[in-house]
Amino acid sequence: MNILAVESSCDETAVAVVRDGREVLCDCIASQVALHREYGGVVPEIASRKHLEAICALADEALLRSKLTRKDLDAVAVTYAPGLIGALLVGVNFAKSAALSLGLPLIPVHHISGHIAANYLAFPELTPPFLCLVVSGGHTLIVDVADYTQFHILGTTRDDAAGESFDKIARVLGMPYPGGAALDKAADGGDPGRYRLPVAQVTDAPLDMSFSGLKTAALNIIHHAEQTGETLDVPSLCASFSAAVTQTLVPRTMAALRQTGYQKLAVAGGVAANSHIRAAFEREAAAAGVSLYLPPLHLCGDNGAMIGAQAYYEYRAGHTADSTLNAYATMPIDA
Ligand code: KG4
Ligand code: ZN
């Protein structure tokens with residue numbers, strides 16, 4: 001089954017063709033990152049307009065690259081939630097029109113379930129049930145993936161997402177948007193014990209997380225250095241910050257894994273590219289004797305292939321939509 005998959009929830013216009021949920025025939029991305037960099041973050045209005053400009057040509061390119069014609073497609077899939085509403089609407093409207101004009105089924109996909117499904121593309125042997133930590137710019141979730149389309153949230157952030165806090169600190173340190181990857185690199189050679197940063201505990205919710213106190217503490221260190229003229233040890237601050245985020249995410253994920261009794265642990269989302277988080281999971285998974293699934297970096301960030309992977313399983317579960325499909329800025333994955 002060849003699925004044309006569309007993703008436009010944030011600042012990447014992406015169209016992919018995925019066969020049977022596991023084989024990527026092409027994964028085309030038109031990134032707007034450079035454009036938003038000028039403003040230090042995503043400007044929603046600009047994002048929508050750029051999606052609108054890019055999407056038709058990108059779909060043509062996807063067919064060309066996958067060496068298919070429109071007749072070879074079996075379904076059209078699209079991210080319909082959550083994300084920037086204007087951005088989502090461009091993808092949803094395009095996918096509806098494509099499905100209608102080609103007489104194909106339309107498959108709505110939740111963005112977070114797409115991130116989780118990126119693991120199916122990287123690891124053909126991976127099947128549910130498993131535990132997945134989803135860490136992106138907008139979401140931080142510990143998810144029990146009971147089946148391909150059945151999710152239970154075991155832990156989440158009470159305030160900022162992990163990626164959001166990386167981006168904020170990177171921005172204040174003068175790194176270009178989105179700063180997560182730059183901060184990760186800047187931490188090379190730094191001393192993670194140099195700056196004391198808090199790892200918050202949420203009372204009575206041991207699997208929940210909080211990043212706002214950590215963010216504020218790091219900002220205070222930066223501002224204090226500015227005000228006193230003290231030279232900031234940037235690599236060590238980045239290393240200390242990455243260590244605190246890692247200390248928030250990894251022990252909770254391992255505790256959730258023990259709670260479920262699963263032997264399989266996956267990580268997903270843009271922040272899954274972080275070298276400290278990856279290294280910590282490698283150590284912990286080896287110590288616990290469980291299988292670890294860390295997608296390659298190109299499948300961590302937003303892409304169309306992950307939407308095509310999840311769409312196959314949504315279709316098999318009978319989850320298709322008609323032309324009344326709408327987009328939603330927020331929607332829980334376990335609704
Ligand atoms: O999944 P994604 O592409 O978009 C969302 O759905 O949000 O995630 C983007 C996030 C950004 O916050 C970006 O800074 C972060 O992932 N990110 C990283 C790294 N690479 C990307 N954060 C920390 N370390 C990295 N190496
Ligand atoms: Zn994403």
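In what order do the five strands of the open sheet that includes β1 stand, and is the pairing mixed? The order is β3-β2-β1-β4-β5, and the pairing is mixed. This is a predicted model, in which local features need pLDDT of at least 70 and side-chain atom pairs count only at pLDDT 80 or more, while totals for chains, interfaces and linings use all residues. Residues are numbered from 1 along each chain as its sequence is written, chains are lettered from A and ligands numbered from 1 in the order in which they are written, and side-chain values use heavy atoms, with hydrogens and water left out.

**Sheet with β1 to β5**

- Helices (H or I, at least four residues) and strands (E, at least two) are DSSP runs numbered from the N terminus, and two strands pair if DSSP finds at least two bridges between them.
- The sheet β3-β2-β1-β4-β5 is open; β3 (23-31) and β5 (106-110) stand at its edges with a single partner strand each, so one side of each has no neighbour in the sheet.
- From one strand to the next, the twist averages 20°.
- Six bridges pair β1 (residues 2-7) with β2 (residues 12-19) in the antiparallel sense, and Val 6 has Val 15 in β2 as its bridge partner.

**Helices across this sheet**

- Contact means heavy atoms within 4.5 Å; axes are lines fitted to C-alpha atoms, for helices over the stretch in contact, and angles run from 0 to 180 degrees between N-to-C directions.
- Helix α3 (residues 85-102) lies across β1, β4 (75-81) and β5, and runs at about 160° to β4.
- Helix α4 (residues 111-122) lies across β1, β2, β3, β4 and β5, at about 95° to β5.

**Sheet with β6 to β10**

- Another open sheet of five strands follows the order β8-β7-β6-β9-β10, with mixed pairing.
- Its edges are β8 (150-156) and β10 (291-293), each with a single partner strand, so one side of each is left without a neighbour in the sheet.
- The twist here averages 25° from one strand to the next.
- Strand β9 (residues 264-268) and β10 run parallel, joined by three bridges; Leu 265 stands opposite Leu 292 in β10.

**Helix α7**

- Helix α7 (residues 212-228) has 17 residues and reaches 24 Å from its first C-alpha to its last, close to the 24 Å expected at 1.5 Å a residue, a span taken as 1.5 Å times one less than the number of residues.
- Among its buried residues (under 20% relative accessible area, 1.4 Å probe, protein chains only; exposed is over 50%, partly exposed in between) are Leu 214, Ala 218, Ile 221 and Ala 225.
- The buried residues of α7 pack against α5 (162-172) and α8 (234-260).
- Gly 229, with a positive phi near 80°, follows α7.
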